[in-house]
Structures are given as structure tokens and as C-alpha cells.
Protein chains: 2
Amino acid sequence: MQIQEIGRNARQASLELGLVSSTAKNDALNAIAQALRKNQDFILEANQKDMEAAKKKGSSTPFLDRLMLNSDRLEGMAVSLEEIAMLKDPIGEVTGGWKLANGLRINRVRVALGVIGIIYEARPNVTVEAFGLCLKAANASILRGGSLSLHSNKALIDVINQASEGKIPQNSVQLITDTSHEVAEEFMSLKELDILIPRGGEELIKLVTEKAKVPVLWAAAGNCHTYVDKDACIEMALKIVINAKTQRPGVCNAMETLLVHEDIAGQFLPKAIEALKAKDVEIRGDSKVKAIDGSVKDATEQDYYTEYEDLILAVKVVSSNQEAIEHINKYGTLHSEAIITKNYFAARKFTAGVDAACVYVNASTRFTDGFEFGFGGEIGINTQKLHFRGPMGLEALTSTKYIIEGNGQIRE
Amino acid sequence: MQIQEIGRNARQASLELGLVSSTAKNDALNAIAQALRKNQDFILEANQKDMEAAKKKGSSTPFLDRLMLNSDRLEGMAVSLEEIAMLKDPIGEVTGGWKLANGLRINRVRVALGVIGIIYEARPNVTVEAFGLCLKAANASILRGGSLSLHSNKALIDVINQASEGKIPQNSVQLITDTSHEVAEEFMSLKELDILIPRGGEELIKLVTEKAKVPVLWAAAGNCHTYVDKDACIEMALKIVINAKTQRPGVCNAMETLLVHEDIAGQFLPKAIEALKAKDVEIRGDSKVKAIDGSVKDATEQDYYTEYEDLILAVKVVSSNQEAIEHINKYGTLHSEAIITKNYFAARKFTAGVDAACVYVNASTRFTDGFEFGFGGEIGINTQKLHFRGPMGLEALTSTKYIIEGNGQIRE
């Protein structure tokens, strides 16, 4: 099918979806969850084809792990749809309302965004979860997954379509099966898209930056910092630093650079470096860090810009809270930043001065997450400043509409 | 100055602006208002140069009217700044907050967007008003006006900078004085821009669609409809239709197409056509309209897509509310749409089924406006669905930041 036709189908489905009841959407989500369980063999067989082809191509072990489906993972997808079904429907919420002097009554009502495009790499679970969130917020979705997961994605979409037939409009979700570069570029300019959400690595993000002609919501990278202030509680700082770096190093809200005030560095850093090394973390420090521990490697300017997503940590000694703030505003990616301090004024200065979606006082940056925040789901973390900044839950997949009721008002 | 340097300056100013008090911002706005009055001769002299050059180039009368400044118009700019000073400061508002089970306290706080780029044509008043709104919301602004208004814009920015020196950070507003096409393109890709707002005609919008690599908020076109339902009050419908078409035909919220239910067309259309013709409106109708009044011109498919911004109106007879909704969703630009009806169910169906920023029942579409809505100012009408849809007041120039306070929480 031509991409233009997919766009028109999605637009039509989105207009119909706006009128579908919560009950019908939830029934569809629950039916699909059941169907994923019932059609396990069919789905795993398709995934096996993808896995074999990916192995033949020499794909990396982490790649194969993301691509791989099994009984547990399918059950996880089914449960995620059932959880989405249980979330409160965001559509129809009145987010504000007032009356004008001339008697006009204005209500601002939450509505769907319309048509959402999602472009992602080889993770079949995104196919199910992204569709589920889009549907709950009454959006039609167009999915374009990686070429190496095509069999898995086709099987999942088949199951979704069969199980939801008659419950939700036709073409509520469509998969782009031509995974060529050309079609991906056409997709990024498709005028029916109200929004494009890219989920993937730097290469994808670069391509979308260059080629997209529709509004984009970034589920983007995080170069996150923790600043240990001179008035930090050292035990608390140690606990948080270890957690932020090592609890799950490969994710966007993990710490990548540790900043330490010079007045506390002599006390704190030896303990911190020892504890981090015990967790296999490679430390790269500036000259002041090396003066404390000669065994650490040199940190270059490039290190401070790097999101390692690995057991590597850049460390820098700073002479003030202000220097920490300036470092973060220069090298950070506006994601998640933390200060560890007992000092009220230091906390206040840091939270006001740092420009980021999430600024923490005395807690691990690892909490930046739609589930942790209580949104019940997440489509990604938005590090741009438009629309919903930070973790994006169901509400981020909605817009609003003003409904204005009068009795003959005209403008004088 | 190089555009990259302007970007870095603006980013620095934006970080400082986030910490400036409401009082300081308001003092600056009021001081600039006074300075505009005091430096009237200086500004009008510069404007005179632009006017002469524009006349020599053979610019149109409406263009010259938009470019022209005089004592009254300068006073209007000064008053608009004083009004912006009186608005409530949006920065710092807590837009939500809750506590997690683990004790983390989350507050979502309104902050500035950061750096706002505005690209516009030859209207010097935009220079002052856009700067004023950006400043109030603690944003640094970079302005790129049309080449034919360069002397006027330079004079206005000089006055702004002199009057606000020491009150707000340096480079809170910067003017791009190289009005070449190349620099405009560089501007649209400037990585320091948190947002670009184009204000202008179709050509500008096309250029921005093609070239922009930063998030864009559209102050865009409106192809607005009024649907007269079979259960309309005819007197009310006449009053609203005349107002929506003729009160100010050149603006984006004026009606461009009138849809009339076939059951009421015979009664309503002769009166409407007579009243519209009396106001010099040219009518273009479909065959059913022409059957009622043979003197009207033919409406083509293209007419239904056209935003005339002029005393021309397309008219179409429809056989149902549903047909009206479908026509609007096909030809409309998601701006402002109205139904005229006494029927509760018809109103409900129309407001739910029409996809637009503003949907009216029994009122003129001309009310879609930040001032009319009570926002105290307006940077444009957003017809895309991200961020703040519809009239954009001060809040649309803000983002939010999550501040998360803990006492040592780590993620398990």
C-alpha cells in the first residue's frame, strides 16, 4: 500500500476514533491481550524467522536480546495492554472553562492528537505498547519498525487487527511493511501525521532532524548529572550516586557525570571511587580528581558531552554550586539532574538555575519515568520544551479543543 | 554579528532571565513604553526611510499600511507593553504536584521556553509586541523582520535596549539585521532556538516547512466555516453570518464558506444572499444555491479550499449535519468552525465531530483571539495540535519543569 493511502486511512480512522466510547476502547485492549496469549505459537514462529535472519546478519547480542520474544515477554505485553485498559480515559476531560463578559461560555476539552506516527528499531514490544497507548487516547497510529523485526511486527498487527475487529474503527493501527529508507523519508513528511515520535539511537534522531516535515516529539537521550554539594550528607550521596550510575546503566536517566564540590571532594571521592570500582565502573576524572586518586583515567572535554549508557563515569571537581549549574547547562541534554545537599539555599539555587525537564534534590535521577511518576504508562521522555515536557504519559498523546457556546454573539 | 553568536548570546540571556523578578521585568516594560513615546521623532524618521524605499520599490497599498508608523500607532505599542506589564507573571506557577508512595514530592512548575525565534514580515509593531510577550514569560527573543522594515526595527530595538539597560539581562532581545535569504535559513536551523514562530503569508510558511530544523509553532491560516442547521433561528443565523464574513474579512477567523441545510436553504439563503450582497460580498455557490438564486457565481472545488481573506464567500447546501461535519473536516484548516442551531443534539454532534481548535455554537467565529478569550495578549493562533492549541497567550510561551524533592530515595 502506498504511504499516502496509509495516511488517508489513518486520518479517517482518527475522526471515527474520537467518537468511540471508553468501554469500546477498553474491550478492544482486553480482547487483544487475550489474543496475544492465545496466538503465542503464531507470534513466536514469526519472531523465530526474524531471529534467524538477524543472527545470519551477525547482529549483536544486545540487539538480538531486544528482538527476541518468548512466552514471558508476550505475557508482559498482554498485561501492559490490560493495564492501559484500566487507566482513566483522558479524552473528554474539561481542562479549563470560563465565561466571557458577553455571555460566551468557553470550555477547553481534551481530545486526541489525531494521527500519530512512531518510528522505532527492532523492539517488537513497542509495536504493542505504543499502539495501546495511542488507542486509549483515541489516536490512529502508523507504526514503522525496524526491517529486522518485520515478521514479528506483522504477526503482532495481525493478531491486534483480528481481535479488535468490529470493536474499533478499521485502520486504527497500520504497519508500514516497506522498510526501505525512501519510504521512511516519505513517512516523515506525511501531511496526515499530527505528530511523529522517533524512538531509537542517535542515527535515527539525526535522520529525523534532517528529514521530518511534521511536528516531532523526541523520546531522546539523557546526559544526566549528580552534583554532590559541600553540604551533602556523605552516606546519602554515596547511596544515590551508586544507584544513579549502576542500577541500570544502559538507560537515559542513568548518571553520566558526577560533579563534586571541592570542599567535600577529599572526604567523599575516595569512598565513592572505591564503591563505584567495586561495581566495575570505569572512572574518568579531571586533574583534581586524579590528585585524589591517581589510578583514574583522564576525562576529556568530549567525555563531558558523552552519554555512555555503560559502566563509565566522568567525574569533575567544581568550586561552587554555581559552577555545577553552569556545567550542567552547558553539557547537559535537559533531561534529569540532581543535587545532594542538606542546605536549603543550595537546593533552591540549583532547582531554579538548572534548565532540565526534571531537577532532583536528594534523590536518584533514575526516577524520571512515566510509571514511577504515576502516569501508568509512558511513550518516552520529552527533552524538548513544547507540549508535555519530561515523562510523557497518556496526556502527552492528547490535544485540546475549545468549545464555545453562545446565544447569537457577534463581534463588534 | 554571526547568527551562531546571536544564538549563544540569547541562550545565555535566557538562563539569566529565568532568575529575573516579575518586578524587574515589569519595570523594563514600563520604561520601554515611556521611551517609545519620548523617542517618537527618532523612530518615525527611521520609518520614513523604510516607507520611501518601499514606495520606490512599488509596494502595494496594504503593504505600505502595515509598514507605516505614526504617533497613534507608537502610542498603541506603548500601551500594549503597559498592558503586558499588568498581566500576571506566568513563571513559577505550580501547575500540578503530588507525592509518590516512596515519599518523593513532585512539583510541576511553569518556566520559560528559553529562546524564541520570531520571523515575520513588514509590521514593525510585531517587533515591540512579540518582544514584550517573550520578556514577560522570561524568554530571550531573536527577531527577524522583513528587509523593508529594517530601519524601523533597528530604531525600535535601539530604544528598547537603551530603556531596559540594567533592568534585564543583556541580549534579552536581538534583531537579525542581515535580512538575506541565507541567514534566514541559518536562523531556522539554529540549535539554540527552543521554538520558532513564523508570522506571515503562505510563502513564509512554505519556506519554514521546508527549511526549519527546530520546533515550530504556527500562527497559521484559517479556512473557517459556518453551518446553518435545519433547526437554526434564521434571524440569529443572518446576524452571525454577516458578522463572521464582513466585520473584518482580511483576518484568519473570518468565515470563508457558508454551509446551509437543504431544509432551511429556501427560507434562509435568499435573505442571506441579499444581506451579504448589500455588504459587497461576492457569492460563489453550488448548483443548489444557484437554483435558489441564479445570479450567484459557480463555486469550484478549489473555492472550498480557499482562504479568501476578502469579501468573497463560498456557499454550499448540504443534506445533513453529518455532511457539514465531513465537509469541514475535509476542507477546513482546524481553526474555527460554527454551527447555528436550536437543536441540542445537533450542537452536541457538531462540537464532537468537527476537528478544529475552536468549535462554536450560535456565535461568530470572529471571537477566536487571545484578547477576546481573556488572555490579555496573543502571539498567534496555533492550528497544530501540540503545545497550546488555538489562541496562544503568555502561557503558550512557557514550558514546565518537574522539581522532585526527596530524602535519599533510590530506585530498587
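The legends below describe close-up views of a predicted model with chains A and B.

Residues are numbered from 1 along each chain as its sequence is written, while chains are lettered from A and ligands numbered from 1 in the order in which they are written. Because the model is predicted, local features need pLDDT of at least 70 and side-chain atom pairs count only at pLDDT 80 or more, whereas totals for chains, interfaces and linings use all residues.

**View 1. Chain A as a whole, with its two assigned domains.** Chain A holds 15 helices and 16 strands, where helices (H or I, at least four residues) and strands (E, at least two) are DSSP runs numbered from the N terminus. Its C-alpha atoms fill a box of roughly 70 × 70 × 35 Å along the principal axes. The radius of gyration of chain A is 24 Å, which agrees with the value near 22 Å for a compact globule of 412 residues; this radius is taken over C-alpha atoms, and the globule rule is 2.2 Å times the number of residues to the power 0.38. Of the 412 residues of chain A, 52% count as buried, a residue being buried if 20 or more other C-beta atoms, placed from the backbone, lie within 10 Å of its own, exposed if 12 or fewer do, and partly exposed in between. The chain is divided into domain 1 (3-219 + 388-405) and domain 2 (224-367), with bounds that come from an automatic or database domain assignment, and the centres of these two domains, taken over C-alpha atoms, are separated by 36 Å.

**View 2. The side of chain A that touches chain B.** Here 55 residues of chain A are in contact with 55 residues of chain B, contact meaning that the C-beta atoms of two residues, placed from the backbone, lie within 7 Å. The elements of chain A that give two or more residues to this side are α10 (234-246), α15 (344-353), β13 (358-363) and β16 (398-409), and β16(A) gives the most, with 11 residues. By class, this side of chain A has 26 nonpolar, 19 polar and 10 charged residues; Ala, Val, Leu, Ile, Met, Phe, Trp, Tyr, Cys and Pro count as nonpolar, Asp, Glu, Lys and Arg as charged, and the others, Gly among them, as polar.

**View 3. The axis that relates chain A to chain B.** Chain A can be laid on chain B with an RMSD of 0.0 Å by a turn of 180° and a shift of 0.0 Å along the axis, the superposition being by least squares on the C-alpha atoms of residues with pLDDT of at least 70 in both copies. The two copies are thus related as by a two-fold rotation axis. In chain A, the C-alpha of His387(A) is the one nearest the axis, at 1.9 Å from it. The same surface serves both copies, with 100% of the contact residues of chain A recurring in chain B.

**View 4. A sheet with strands from chain A and chain B.** An open sheet of 10 strands has the order β1(A)-β2(A)-β16(A)-β13(B)-β12(B)-β7(B)-β8(B)-β11(B)-β9(B)-β10(B), with mixed pairing; two strands pair if DSSP finds at least two bridges between them. At the edges stand β1 (94-99) of chain A and β10 (297-298) of chain B, each with a single partner strand, so one side of each is left without a neighbour in the sheet. Eight bridges join β2 (residues 105-112) of chain A to β16(A) in an antiparallel arrangement, with Arg105(A) opposite Glu405(A). Between the chains, β16(A) and β13 (residues 358-363) of chain B run parallel and are joined by five bridges, and Ile404(A) stands opposite Tyr360(B).

**View 5. Strand β3 of chain A and its partner β4(A).** Six of the six residues of β3 (residues 115-120) of chain A are buried, so this strand is largely enclosed by the rest of the structure. In a regular strand the side chains alternate between the two faces of the sheet. Val115(A), Gly117(A) and Ile119(A) point one way from β3(A), and Ile116(A), Ile118(A) and Tyr120(A) the other way. Five bridges join β3(A) to the parallel strand β4 (residues 140-144) of chain A, in which Ala140(A) stands opposite Val115(A).

**View 6. The surroundings of Ile157(A) in helix α7 (residues 150-164) of chain A.** Ile157(A) is partly exposed, with 19 other C-beta atoms within 10 Å. Leaving aside its neighbours within four places in sequence, Ile157(A) is in contact with Thr127(A), Val173(A) and Leu175(A).
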